[in-house]
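Work through the exercises below with the sequence and the 3D structure at hand. Each task is followed by a solution in steps.

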Amino acid sequence: MTTLKSKLQEDLNAAIKERDELRSSTLRLTLAAITKEEVAGKEKRVLSDDEVQKVITREAKKRREAAEAFAQGGRAEQAEREKAEGEVLATYLPKQLSDDELNEIVAQAVQEAKAAGAEGPRAMGAVMKIVNPKVAGQAEGGRVAAAVKKLLAG
C-alpha cells in the first residue's frame, strides 16, 4: 500500500472513532475511487502516490463542480456540504499556485516557446507542453489554459 493511501486509511479510522461524519464519508468515497482505479483494466495493480494524488485531485474537482451546480440550482445546504468535502480533500493535495506564481511560470514558458519559433495563438499547444510538467498537481488545467491564452493574446 502506498504511503498516501495508507495515510487516507489511517485518517478514515481516526475520523470514524471521532464520529466525524463529514471526514469519514469523504475519505470513504475517495478510498473507493482509488480502489476502483486499482482494479480498472485487465489486472489489479497498486497505485503509486502520484496516481493516488491524481485520483484525489479528480475527486476534489468533482466536489467543486457539484458545489457550483448546487449553488446555481438554489440548494445552498448541499453546495456547502460539497465545498466542505472539497476542503477535506484539499488537505491531501499539494499547495495550489497563486495567480502571480502561475502567471510567472506561464510567462517563462511563452518566452521559451517564442525562442523555439512558436508565435501567436497557435503557440498554445507548445506553451502548454512546457507549462504542464512544471505545474502538475499545483494548478488546475483550466486555470493554466486561461493564463496561457491571456498572455498569448496580450
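The exercises concern helix packing and salt bridges in this predicted model.

**Exercise 1. Describe how H6 and H7 pack, and name the residues that meet.**

Step 1. Locate the two helices: H6 covers residues 124-135 and H7 covers residues 141-153.

Step 2. Take the angle and the distance. The helices pack at about 135 degrees, with their axes 10 Å apart.

Step 3. Classify the angle. Angles over 145 degrees count as roughly antiparallel and those from 65 to 115 as roughly perpendicular, with the rest above 35 oblique. H6 and H7 are therefore oblique to each other.

Step 4. Give the hand of the crossing, which is right-handed.

Step 5. List the contacts. H6 contributes Met-124, Val-127, Met-128, Val-131, Asn-132 and Val-135. From H7 come Val-144, Ala-145, Val-148, Lys-149 and Leu-152.

Step 6. Sort these residues by class: nine are nonpolar, one is polar and one is charged.

**Exercise 2. Do the same for H5 and H6.**

Step 1. H5 spans residues 99-115. Its packing angle with H6 is about 140 degrees, and the axes are 9 Å apart.

Step 2. Since the cut-off for roughly antiparallel is over 145 degrees, H5 and H6 are oblique to each other.

Step 3. The crossing of H5 and H6 is right-handed.

Step 4. On the H5 side the contact is made by Leu-102, Ile-105, Val-106, Ala-109, Val-110, Glu-112 and Ala-113. On the H6 side it is made by Ala-126, Val-127, Ile-130, Val-131, Lys-134 and Val-135.

Step 5. By class, this contact holds eleven nonpolar residues, no polar ones and two charged ones.

**Exercise 3. Which parts of the chain does the salt bridge between Lys-5 and Glu-38 tie together?**

Step 1. Count the salt bridges in the whole structure: a search finds twelve.

Step 2. Check the pair. The side chains of Lys-5 and Glu-38 meet at 2.8 Å, N to O.

Step 3. Place each partner. Lys-5 lies in H1 (residues 3-17) and Glu-38 in H2 (residues 21-39), so the bridge ties together parts 33 residues apart in sequence.

Step 4. Assess exposure: Lys-5 and Glu-38 are both buried.

**Exercise 4. Trace the salt bridges of Arg-63 with Glu-59 and Glu-82.**

Step 1. Begin with Glu-59. Its side chain meets that of Arg-63 in a salt bridge of 3.1 Å, N to O.

Step 2. Place this pair. Both residues lie in H3 (residues 49-72), four residues apart, or about one turn of the helix.

Step 3. Compare the accessible areas with the cut-off for buried, under 20%. Arg-63 has a relative accessibility of 6% and so counts as buried. Glu-59 is also buried, at 7%.

Step 4. Turn to Glu-82, whose side chain forms a salt bridge with Arg-63 at 4.0 Å, N to O. Glu-82 is in H4 and Arg-63 in H3, so this pair ties together parts 19 residues apart in sequence.

Step 5. Follow the shared partners. They join Glu-21, Glu-59, Lys-62, Arg-63, Arg-81, Glu-82 and Glu-85 into one network of salt bridges.

**Exercise 5. Is Glu-85 buried or exposed, and what does Glu-85 contact?**

Step 1. Glu-85 is found in H4, residues 76-90.

Step 2. Glu-85 has a relative accessible area of 6% and is therefore buried.

Step 3. Set aside neighbours within four places in sequence. Glu-85 is then in contact with Leu-22, Ser-25, Thr-26 and Arg-63.

Technical notes: Residues are numbered from 1 along each chain as its sequence is written. This is a predicted model: local features need pLDDT of at least 70, side-chain atom pairs count only at pLDDT 80 or more; totals for chains, interfaces and linings use all residues. Side-chain values use heavy atoms; hydrogens and water are left out. Axes are lines fitted to C-alpha atoms, for helices over the stretch in contact, and angles run from 0 to 180 degrees between N-to-C directions. A crossing is left-handed if the near helix is turned anticlockwise from the far one by less than a right angle, and right-handed if clockwise. Contact means heavy atoms within 4.5 Å. Ala, Val, Leu, Ile, Met, Phe, Trp, Tyr, Cys and Pro count as nonpolar, Asp, Glu, Lys and Arg as charged, and the others, Gly among them, as polar. Buried means under 20% relative accessible area, exposed over 50%, partly exposed in between (1.4 Å probe, protein chains only).
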